[in-house]
Amino acid sequence: MSGTFVGMPAFPKAAHEAVHDQTLRGNLRHATHTIRGKRAKAVAEVSDWDALRDAGARIKDHTLRHLDRYLVQLEESVTAAGGVVHWAADADEANRIVAELVKATGESEVVKVKSMATQEIGLNEALEAEGIRAYETDLAELIVQLGKDRPSHILVPAIHRNRGEIRDIFRREMSEWGRPAPEGLTDTPAELAEAARLHLREKFLRAKVGISGANFMVADTGTLVVVESEGNGRMCLTLPETLISVVGIEKVVPTWQDLEVYLQTLPRSSTAERMNPYTSMWTGTTDGDGPQVFHLVLLDNGRTDTLADEVGRQALRCIRCSACLNVCPVYERAGGHAYGSVYPGPIGAILSPQLRGTASEIDASLPYASSLCGACYEVCPVAIDIPEVLVHLRERVVQGGQVIKGGNKVVLKPAKGHAAERAAMRAAGWAFARPGALRTGQRLASRTRRLHPRSLPGPGKAWSDTRDLPAVPPEPFRDWWKRTNGGKDGAK
């Protein structure tokens with residue numbers, strides 16, 4: 001992944017700063033509670049939601065098991081339809097391919113559809129280094145770009161901004177990027193939307209090159225799919241002469257019948273709508289209709305390494321609905337920037353450390369950015385067991401071990417700062433492997449229970465300051481079981 005966000009402090013430090021920002025917390029609380037309430041109603045309308053959820057998971061798992069076959073089929077279908085397919089092993093290669101394709105057109109500016117993949121690889125920055133200016137056209141992405149900010153939510157990148165802040169950004173920055181904001185612009189949603197519409201319209205009509213991602217790619221026809229709510233994406237997909245799509249290899253589905261499942265679950269899980277207002281699909285090129293040149297850049301960037309992990313690979317099922325963010329108590333309080341990635345929230349906590357590795361301080365801390373409450377798993381439309389993967393990645397951080405990196409087996413060293421945790425786990429393992437020692441330790445703990453502290457010392461003090469330590473029972477369970485004949489004697 002791009003190093004754009006790497007170098008940030010570890011999650012606990014970044015989150016500590018965020019939780020003291022009352023405006024940020026108010027914005028997040030209002031937005032996430034509103035979205036998740038609407039989502040719950042939209043999902044409740046579907047009587048077979050659990051069956052759709054299971055189908056979505058099974059389709060993804062099947063496709064990932066046979067990813068090599070479906071990607072080759074996709075390439076053949078796109079090529080037969082008039083498109084050109086490029087393969088990018090990492091962010092640098094993808095950025096180089098896109099920059100060369102844009103320069104080959106002779107253009108120095110592009111319009112962009114909202115795309116997580118291009119943010120992941122830092123495409124805008126790479127194009128700027130080549131003298132090419134990229135204009136974001138999604139309203140929230142426009143706000144982030146004008147504000148020289150970073151996205152903080154998968155679905156609503158500017159969720160951390162309120163209307164007053166957006167108005168100020170438009171007034172201050174729009175003139176530097178094109179048409180200025182109207183005089184006397186207020187913070188009413190209609191006026192803000194109209195200001196963005198006027199600002200972007202001239203770019204749509206002028207641009208010769210469009211860049212997009214895709215929510216899905218259908219292998220048997222070579223069709224790409226983008227779902228959105230504003231219509232700006234469709235302008236980018238239809239008006240330019242050249243269209244370049246950068247898409248992660250995990251976005252492929254085998255058939256249109258498989259696609260049908262996700263077109264039911266994605267809108268309800270993301271925007272709480274029965275269907276997306278704009279569902280744009282294109283297959284290669286068509287004479288006299290839409291872009292006449294189409295390039296598809298298939299992006300790996302750590303995905304095949306993730307696929308090699310039998311536990312962690314389920315993160316590749318993700319359809320970027322953001323439902324897990326909207327129910328996460330940690331995200332609601334810390335916000336998206338603390339995750340140091342374009343993928344914030346619970347899904348980012350398991351996806352970023354796998355795509356980027358756990359060598360950096362921020363990535364090693366992400367698996368701990370969770371209370372393991374399980375709310376994320378309950379709302380995931382493709383049944384990703386995020387808590388399971390979080391625990392799996394915590395083990396990797398603490399213990400190290402063999403992983404796949406760049407297609408090769410490498411052995412990770414245990415991360416720094418976890419010596420006490422490793423020692424505690426080794427001690428627990430030693431005791432559980434020796435029943436006599438475990439029994440003696442339990443009896444000793446019971447007999448000295450009056451001497452136990454009410455709070456933990458050292459780093460544990462922060463935990464016990466807001467929680468009661470569990471009381472040690474008067475006698476171990478095994479002793480109680482033996483004394484009461486398994487509870488049959490009725491004794492306490």
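# Notebook: cavities, a pocket and a strand

**Entry 1, second largest cavity.** I began with a closed space: about 80 Å³ lies in the second largest cavity. I keep in mind that this is a predicted model. I looked up the lining next and found 13 residues, with Cys328, Pro346, Ser370, Cys373 and Cys376 nearest the centre of the cavity. Helix H15 (329–334) and H18 are the elements that give two or more residues to this lining. Sorted by class, I get 10 nonpolar and 3 polar residues, and no charged ones.

**Entry 2, largest cavity.** How many cavities of 30 Å³ or more does the count give? The count comes to 4. I then turned to the largest cavity, and its volume is about 110 Å³. Its lining has 16 residues, and the closest to the centre are Cys318, Cys321, Cys324, Ile347 and Cys380. Two or more lining residues come from helix H14 (323–327) and likewise from helix H18 (375–379). I noted H18 here with a smile, as H18 also turned up for the second largest cavity. The class split for the largest cavity is 14 nonpolar, 1 polar and 1 charged. A reminder to myself on the method: rolling a probe the size of a water molecule over the atoms shows where empty space is left.

**Entry 3, second largest pocket.** From closed spaces I moved to an open one. The second largest pocket has a volume of about 1,200 Å³. I found 48 residues in its lining, and Gly357, Thr358, Ala364, Arg396 and Val397 are the closest to the pocket centre. Which elements each supply at least two residues of this lining? My list reads helix H1 (11–18), helix H13 (303–307), helix H16 (345–356), helix H17 (361–365), helix H19 (386–399) and strand S11 (401–405). By class, the lining of this pocket divides into 19 nonpolar, 17 polar and 12 charged residues. I also checked the domains: domain 1 (46–301) and domain 2 (418–484) each give at least three residues to the lining of the second largest pocket.

**Entry 4, the UniProt record.** I looked up what the record says about the chain. UniProt, in an unreviewed entry, lists residues 393–484 as "domain: Lactate utilization protein B C-terminal". Over residues 393–484 I read 49% helix and 11% strand, with the end C-alpha atoms 42 Å apart.

**Entry 5, strand S4 and its partners.** Next I looked along strand S4 (residues 209–212). Val209 and Ile211 point one way, while Gly210 and Ser212 point the other way. Are these S4 residues buried or exposed? All of them are buried. For background, side chains in a regular strand alternate between the two faces of the sheet. I then looked up the pairing. Strand S2 (residues 109–112) pairs with S4 in the parallel sense over 2 bridges, and Val111 stands opposite Gly210 in S4. Strand S7 (residues 242–248) also runs parallel to S4, joined by 4 bridges. In S7, Ile244 is the bridge partner of Ile211.

**Entry 6, Lys114.** My last stop was a single residue. Where is Lys114 found? Lys114 sits in the loop between S2 and helix H6 (116–120). Lys114 has 25% relative accessibility, so I log it as partly exposed. I also took one distance: the C-alpha atoms of Lys114 and Leu155 are separated by 9.6 Å, and the two residues are 41 residues apart along the chain.

Key:
Residues are numbered from 1 along each chain as its sequence is written. This is a predicted model: local features need pLDDT of at least 70, side-chain atom pairs count only at pLDDT 80 or more; totals for chains, interfaces and linings use all residues. Side-chain values use heavy atoms; hydrogens and water are left out. On a 1 Å grid over the protein atoms alone, a cavity is a set of points where a 1.4 Å probe fits but cannot get out, and a pocket is an open set with protein on both sides within 12 Å along at least five of seven lines; lining residues have an atom within 4 Å of a point. Grid points are joined across faces, edges and corners, and a volume is the space filled by probe spheres set on the points. Ala, Val, Leu, Ile, Met, Phe, Trp, Tyr, Cys and Pro count as nonpolar, Asp, Glu, Lys and Arg as charged, and the others, Gly among them, as polar. Domain bounds come from an automatic or database domain assignment. UniProt positions are given in the numbering used here, feature names are shortened, and annotations may be inferred rather than shown by experiment. Buried means under 20% relative accessible area, exposed over 50%, partly exposed in between (1.4 Å probe, protein chains only). Two strands pair if DSSP finds at least two bridges between them.
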